[in-house]
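Biologist: I should be grateful for a close look at one part of this model, namely the antiparallel sheet. Please describe how its strands are paired, and then place it beside the other features of the chain.

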Amino acid sequence: MAIFYKLNYRENKTHPDATGYFAVIENKGTLSTNEVADEIQRNCSLKRSDVLAVLSELGEVVKKSVLQSHAVKLDGLGVFRPGISSIRVTNPDDFNVHRNVRGLRLNFLPEQSMHNGRRTKNIFENAELKRG
């Protein structure tokens, strides 16, 4: 499997030594839930309608769990967990949710393992990079 990249030029006027070409992933599009269901159906014995039902419920379970401050670990994929961005205060009594919280986010931590003393994200285990 190939992950395609391209080179983009970025100029940094404040740090000229950081100016140059950088690799960026070349996005080949987004798979819809239906396309994911079709692919899963081809790879197993479930019908497309069953797969769609499971994917729909997966989304609901992840959302419900995250809204209750739980992390959700999916074997072979990784962990979804809630995150928060806030503005620092020097005194805890000065903290106000409406004033100091910038927003909530969903953090994804891909499943990892050790290979040759290096931590590797399992999803990229057999990845090959190709210039697009």
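Modeller: Two strands are taken to pair if DSSP finds at least two bridges between them. The model is a predicted one. With that criterion, the part you ask about is an open sheet of 3 strands in the order S3-S4-S5, with antiparallel pairing. Its edge strands are S3 and S5, each of which pairs on one side only. From one strand to the next, the twist averages 25°.

Consider the pairing of S3 with S4. Strand S3 covers residues 72-74 and strand S4 residues 78-86; the two run antiparallel and are joined by 3 bridges. Within this pairing, valine 72 stands opposite phenylalanine 80 in S4. The two strands form a hairpin with 3 residues between them, and there glycine 76 takes a positive phi near 85°.

A positive phi also occurs before this sheet, in a residue other than glycine: the phi of serine 69 is near 65°. Serine 69 belongs to the loop between helix H2 (48-66) and S3. Its relative accessibility is 63%, and serine 69 therefore counts as exposed, the cut-off being over 50%.

On the other side of S4 comes strand S5, residues 101-110, paired with S4 in the antiparallel sense over 9 bridges. Two positions illustrate the register. Glycine 78 stands opposite proline 110 in S5, and isoleucine 84 stands opposite leucine 104 in S5. In general, strands of a sheet pair through backbone hydrogen bonds, either parallel or antiparallel.

Side chains add a further link between S4 and S5. The count of aromatic pairs comes to 2. One of them joins phenylalanine 80 and phenylalanine 108, with 4.9 Å centre to centre and 40° between the planes, a tilted arrangement. This pair links distant parts of the chain, since phenylalanine 80 is in strand S4 and phenylalanine 108 in strand S5, 28 residues apart. The arrangement counts as tilted because planes under 30 degrees apart would be stacked and those over 60 edge-to-face. As for accessibility, phenylalanine 80 has a relative accessible area of 19% and is therefore buried, the limit being under 20%. Phenylalanine 108, at 36%, is partly exposed.

Beyond S5, a further positive phi in a residue other than glycine is found at asparagine 116, near 55°. Asparagine 116 is placed in the loop between strand S6 (112-115) and strand S7 (118-121). With a relative accessibility of 83%, asparagine 116 counts as exposed.

The other sheet offers a useful comparison. It is also open and has 3 strands, in the order S2-S1-S8, but its pairing is mixed. The edge strands here are S2 (20-25) and S8 (128-131), each pairing on one side only. The twist in this sheet averages 40° from one strand to the next. Strand S1, residues 2-10, pairs with S8 in the parallel sense over 4 bridges. In that pairing, phenylalanine 4 has lysine 130 in S8 as its bridge partner.

Finally, there is the largest pocket, which holds about 200 Å³ of space. The residues lining this pocket are Met1, Ala2, Ile3, Ile123, Phe124, Asn126 and Ala127. By class, the lining divides into 6 nonpolar residues, 1 polar and no charged.

Definitions and conventions
Residues numbered from 1 in each chain as written. Predicted model: local features only at pLDDT ≥ 70, side-chain atom pairs only at ≥ 80, totals over all residues. Heavy atoms only, no water. Axes fitted to C-alpha atoms, helices over the stretch in contact; angles between N-to-C directions. 1 Å grid on protein atoms, 1.4 Å probe; cavity = no way out; pocket = protein on both sides within 12 Å on 5 of 7 lines; lining within 4 Å. Points joined across faces, edges and corners; volume = space filled by probe spheres on them. Nonpolar A, V, L, I, M, F, W, Y, C, P; charged D, E, K, R; others polar. Phe/Tyr/Trp six-rings, centres within 6.5 Å; stacked < 30°, edge-to-face > 60°. Buried < 20%, exposed > 50% of the residue type's maximum accessible area, 1.4 Å probe, protein only.
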